[in-house]
Amino acid sequence: MSSYHSDLMRVLEGRGYIHQTTDAGALDALAAKQVVPGYIGFDATAPSLHIGSLVQIMMLRRLQQTGHKPIVVMGGGTTKIGDPSGKDESRKMLTAADIDANIAGIRTVFERLLTFGDGPTDAVMVNNDEWLSELGYIKLLRDVGPHFTVNRMLTFDSVKLRLDREQPLTFLEFNYMILQAYDFVELARRYDCRLQMGGSDQWGNIVNGMELGRRMESRELFGLTTPLLTTADGAKMGKTASGAVWLNEEQLPAYDFWQYWRNVDDRDAGRFLRLFTDLPLDEISRLEALEGSEINAAKELLANEVTALVRGREAAEAAAQTAAQTFAGGGMGDDLPEATVPPEGMPIVAACTALGFTASNGEAKRKVAEGAVKLDDEQVSDPRHQVTLGSGETARLSLGKKRHGILRGA
């Protein structure tokens, strides 16, 4: 039985989103009596977010589902600097045009998961470049600088990590925490924003913003973080052997996205159903209690529901149908990733890389040597094997039992 009174905190607790809160009781009381605008910031370093960000997006969805107002802050300004949290080296500097293009790509996912508009609980998307680029340096130093001490800034994990490893931390990046803290102040002024949420690695930055808002605006603000999301085997969520699991179709086909969720560890099925789907909790409890091969039904439901939320129901159904054709009927499937084989042919290792099965031809050679690569269900043992197909001819390439793609002759 939850000790919370507000729908917001009960849902966040029941689904496993809460790691740390600055004052859980006061936030619960506030959420029980009024609409609470809350935000999460996302830097625009790529044209898509990956599933490591999905738990944060789902938190904004839970905020809206329980009658509160989500604010999506795109870091058009902070992306120009780069968040040093969890990074061993400086990020590549992006142009303003790159950042704008990335924000346009990222927005599409939020439009599926949140309802935007002008109502009291409608989501809004804002770009912190609106206010950060307008800040004069002297004014920032005078207004914000006195509220930060270098002594304390040096204790933050994002700074200590670099210094302990004797890796350079630029003065530019050192300022990131100040600008993120200022975002909270500006959002409190513009939207009466009371809550900032984020991953556990953002706790220091969130507390900074909360304290800055209290000092500059005399406002009571709150912070809440989610646990660091790892899979049952200890790996960081969102990374696979062949790269990041992107949320956008342009960066990762729907079938590959669906397959990621279908192939999660059995031990993760229940937790991921709570975090990443809208299924009722009692139904999830029933599903995660399944044993043996029956747990596959729960994982297929997970894949269907997450893909439907992020890519649309039609994409989820197509991916599920392709999987059924590929595994049950030995067919090709309409939604499998494809690569074109030129008239002169293509080395088997290059075909693996072209389909996204491997990150490099060297990795593909190792997979061939391990006996993991099959062409039309025949194992390929020679990494120098050349795939040749006539115009319009097709062949199915498989890596292990779970990854399949179509090679098509040019």
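This passage describes the sheet of a predicted model, the helices that pack on it, and a nonpolar patch on the surface.

The sheet is a good place to start. Six strands form an open sheet with mixed pairing, and reading across it gives the order β1-β6-β5-β2-β3-β4. The edges are taken by β1 (20-21) and β4 (124-127); each has a single partner strand, so one side of each is left without a neighbour in the sheet. For β4, the link to strand β3 (residues 69-74) consists of four bridges, and the two strands run parallel. Within β3 and β4, the eye can settle on V73, which stands opposite V126 in β4.

Two helices can then be placed against this framework. Helix α3 (residues 54-65) packs on the sheet and touches β2 (37-42), β3, β5 (195-199) and β6 (222-226). The direction of α3 makes about 165 degrees with that of β2. Helix α10 (residues 176-191) also packs on the sheet, where its contacts are with β2, β3, β4, β5 and β6. Here the angle between the direction of α10 and that of β2 is about 145 degrees.

Turning to the surface, a nonpolar patch is formed by Y137, I138, L141 and F171, which together have about 450 Å² of accessible area. Helix α6 (residues 137-143) supplies the largest share of this patch, with three residues. F171, another member of the patch, lies in helix α9 (residues 171-174). With a relative accessible area of 55%, F171 counts as exposed, because that term applies to values over 50%.

Note on methods. Residues numbered from 1 in each chain as written. Predicted model: local features only at pLDDT ≥ 70, side-chain atom pairs only at ≥ 80, totals over all residues. Heavy atoms only, no water. Patch = residues over 30% accessible without salt bridge, like charges linked within 9 Å, V, L, I, M, F, W, Y side chains within 5 Å. Areas by Shrake-Rupley, 256 points an atom, 1.4 Å probe, with all protein chains shown as cover. Salt bridge = Lys/Arg side-chain N within 4 Å of Asp/Glu carboxyl O. Buried < 20%, exposed > 50% of the residue type's maximum accessible area, 1.4 Å probe, protein only. Pairing = 2+ DSSP bridges. Contact = heavy atoms within 4.5 Å. Axes fitted to C-alpha atoms, helices over the stretch in contact; angles between N-to-C directions.
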